[in-house]
Amino acid sequence: MIKKRLKILKKKISNLNIDGYIIPKNDEFFSEYAFTDRLKIISDFTGSAGVAIILINKNYLFVDGRYTVQAEQQSGQNFSIVETHKFLPKEILKNLTLGIDPGVFTEKQLKPFVNKSIKIKLIKNNLVDEIYSHKRKKINQIFSISNKVAGESFNSKIQKVKSILKKNRSDYLFISAPENVAWILNIRGWDNPNSPIPNCRCVIGKKGKVFLITEKIKTKKIIKEKKLNLNQVVEPKNFENLINNLNGEKFLIDENTCSILNKSLISLKFRVKVIDDPCYKLKALKNQSEIKNMINAHIHDGVALTKFIFWMKKRNKKIITEIEAKKKLEKFRNLNKNYLRPSFQTISGTGSNAALPHYIVTKKSNKKIEKQDIFLCDSGGQYKYGTTDVTRTICFTKPRDKIKNIFTKVLKGHIAVATTDLKKDKTGKKIDLRARKYLKKDGLDYAHGTGHGVGFFSNVHEGPQAITKNNNFKIEEGMIVSNEPGYYKKNEFGIRIENLVYVKRFNKSLYFENLTLAPIDKDLINFDILNNEEKNYLFRYHLDVYSKISKFLEKPEKKWLSSLI
């Protein structure tokens, strides 16, 4: 199937008198998880990040270190796999004219592709769409979340944008990231498989006038609630008309999510100033209501996870597959009436499959979870109202000393992050060093960040905050990040321990407080290499888990959980 699609695509490339065509992972809304996945359609690659370049005689798939092995397995037959941290596309490709769909690329996105010998040609129609018929998705209504749940009215948020426009002496802000539109208008929707985000964009004027760019058929609920008037809703096909009918001189846009197409339409009439969308920072600083709801969501999630881990550890059934484990966890989450759906595709991997940091099980790859292997499960849920993300690694028999020692050093890094003095180590870059310290003493490391920002009943990944080797953004009160160091031995095993934490203030101190409430497998720990502070941390953590979720557990589950304290 892939070979056939590539053949048809190459013919189209040849007919357009270009040398190749670039296909990104993202859709036109630059969503991390989208129903439209053109990269998968043309390459079979299912990772969350990557880009393909199809040439007449060769195909390239560029991925980061998380996906090297996965890309080889899924796409290596038809593509040359290149790691982006080793080679950028422009360092490999020379003297070419490459076509792109300007609706799915930003100018910033193009920088790794462009040099003096590479020309970019804008192709009006998306070539993948021309050879593949996407299934028409269900039309999902946009709905509101109350001010009580959101902790702030949308009018209050718009006042903040007005202040930013005044400061920048600008007439309009174009909010091109749907999750930021959802945040500022206190709306949600189900246009994406895992995030409660409607596909939409927004223009806000300096006097507070709001235009929501989305299909009018999706806005019946919020129009009825008088959140917006019908004349404030603009069909995407009429975006150019909207811009032409606005008065003023200056537009603010975000180069991370404003497509080349939309920037060009705005630039025809307005002077454009590129900034980071201020909604990212405002959204990252969770208020008390959002934190309270996230805490409650994690109590619900902790119950499901604890029941699942108990079931896995004490299973009566001798053989369980990765798919069966994934389905069982989903059943435990579905016991709670507040649970809506996964916040991303569950990673359920055992043995060598767990060595792929972002492995997604298929019928073809599905393995039996053998007792001698260790099992890694990374999963999350969307609740009313809150978003979770947690990883646990568990064993079923006495593990090898080598694995226990590595697991314990991952745990030491995890605890080091959780106990960070945020007055001293204020940035993700500095905190990331703490996470890797114990592994690096043995020459070990992992090819992903230590933590990402997390949204409130929103995307499971959000910025600008992150715990990575190059993130210098200051960690502030109210931010939520993941804490997930790991280690992966190719073709053997994978280890990761992930909690979500939020930044809490006490007097003049800032510190991380755990949101995630799920036991850490003590059978994988070599206590001889934990110091007293780390042992005390583990004791306090399991005591906290027990005190908050034990009343929701069955007697055998409760007894087992108490034994971990």
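1. **The α1–β1 loop.** Asn17 sits in the loop between α1 (2-15) and β1 (20-24). In this predicted model, its phi is near 55 degrees, a positive value in a residue other than glycine. The relative accessible area of Asn17 is 69%. Since exposed means over 50%, Asn17 is exposed.

2. **A second positive phi.** Asn186 also has phi near 55 degrees, again positive in a residue other than glycine. Asn186 belongs to the loop between α9 (178-185) and β9 (187-188). Is Asn186 buried or exposed? Asn186 counts as buried, at 1% relative accessibility. Asn17, by contrast, is exposed. When checking backbone geometry, read the two asparagines together: both phi values are near 55 degrees, but one residue is exposed and the other buried.

3. **Cis peptide in the β18–β19 loop.** Lys384 and Tyr385 are joined by a cis peptide bond, with omega about 0 degrees. Tyr385 lies in the loop between β18 and β19. These two strands pair in the antiparallel sense over 2 bridges, with β18 covering residues 381-383. Tyr383 stands opposite Gly386 in β19.

4. **The sheet around that loop.** Which strands make up the open sheet, and in what order? There are 3 strands, ordered β15-β18-β19, and their pairing is antiparallel. Its edge strands are β15 (339-342) and β19 (386-387), each of which pairs on one side only.

5. **Arg333 and its contacts.** Arg333 is in helix α15 (residues 322-334). Despite its charged side chain, Arg333 counts as buried, at 1% relative accessibility. Leaving out residues up to four places away in sequence, Arg333 touches Asp301, Ala304, Leu305, Tyr339, Ser379, Gly380, Gly381, Tyr383, Thr388 and Val390. Among these contacts, Tyr339 falls in edge strand β15 (339-342). Gly381 and Tyr383 fall in β18 (residues 381-383). Along the chain, Arg333 and Gly381 are 48 residues apart, yet their C-alpha atoms are separated by 7.9 Å.

6. **Cis peptide before Pro464.** A cis peptide bond also joins Gly463 and Pro464. Here omega is about 10 degrees. Pro464 lies in strand β22 (residues 462-467). Tyr385, at the Lys384 cis bond, lies in a loop instead.

7. **Thr427.** Where does Thr427 sit? Its place is in the loop between α16 (401-418) and α17 (428-440). With a relative accessible area of 15%, Thr427 is buried. Its contacts, not counting residues up to four places away in sequence, are Asn471, Asn472, Phe473, Lys474 and Ile475.

8. **Cysteines.** How many disulfides does a search of the whole structure find? The search finds 0. For Cys200, the closest cysteine sulfur is in Cys202, at 7.7 Å, which is too far for a bond. The cut-off for a disulfide is a sulfur pair within 2.5 Å. Cys377 is in no disulfide either; the nearest cysteine sulfur, that of Cys395, is 15 Å away. Both Cys200 and Cys377 are buried: Cys200 has 0% relative accessibility, and Cys377 has a relative accessible area of 7%.

9. **Cavities.** The structure holds 4 cavities of 30 Å³ or more. The largest has a volume of about 60 Å³. Its lining consists of Ser31, Glu32, Tyr33, Pro178, Glu179, Asn192, Ser195, Ile197 and Asn459. By class, that lining divides into 3 nonpolar, 4 polar and 2 charged residues. Pro178 and Glu179 of the lining belong to helix α9 (178-185), which precedes the loop of Asn186.

10. **The second largest pocket.** This pocket holds about 350 Å³ of space. It is lined by 18 residues. Which of them lie nearest its centre? They are Val69, Ala355, Pro357, Tyr488 and Lys490. Helix α3 (residues 68-75) gives the most to the lining, with 4 residues. The classes come to 8 nonpolar, 7 polar and 3 charged residues.

Methods
Residues numbered from 1 in each chain as written. Predicted model: local features only at pLDDT ≥ 70, side-chain atom pairs only at ≥ 80, totals over all residues. Heavy atoms only, no water. Buried < 20%, exposed > 50% of the residue type's maximum accessible area, 1.4 Å probe, protein only. 1 Å grid on protein atoms, 1.4 Å probe; cavity = no way out; pocket = protein on both sides within 12 Å on 5 of 7 lines; lining within 4 Å. Points joined across faces, edges and corners; volume = space filled by probe spheres on them. Pairing = 2+ DSSP bridges. Contact = heavy atoms within 4.5 Å.
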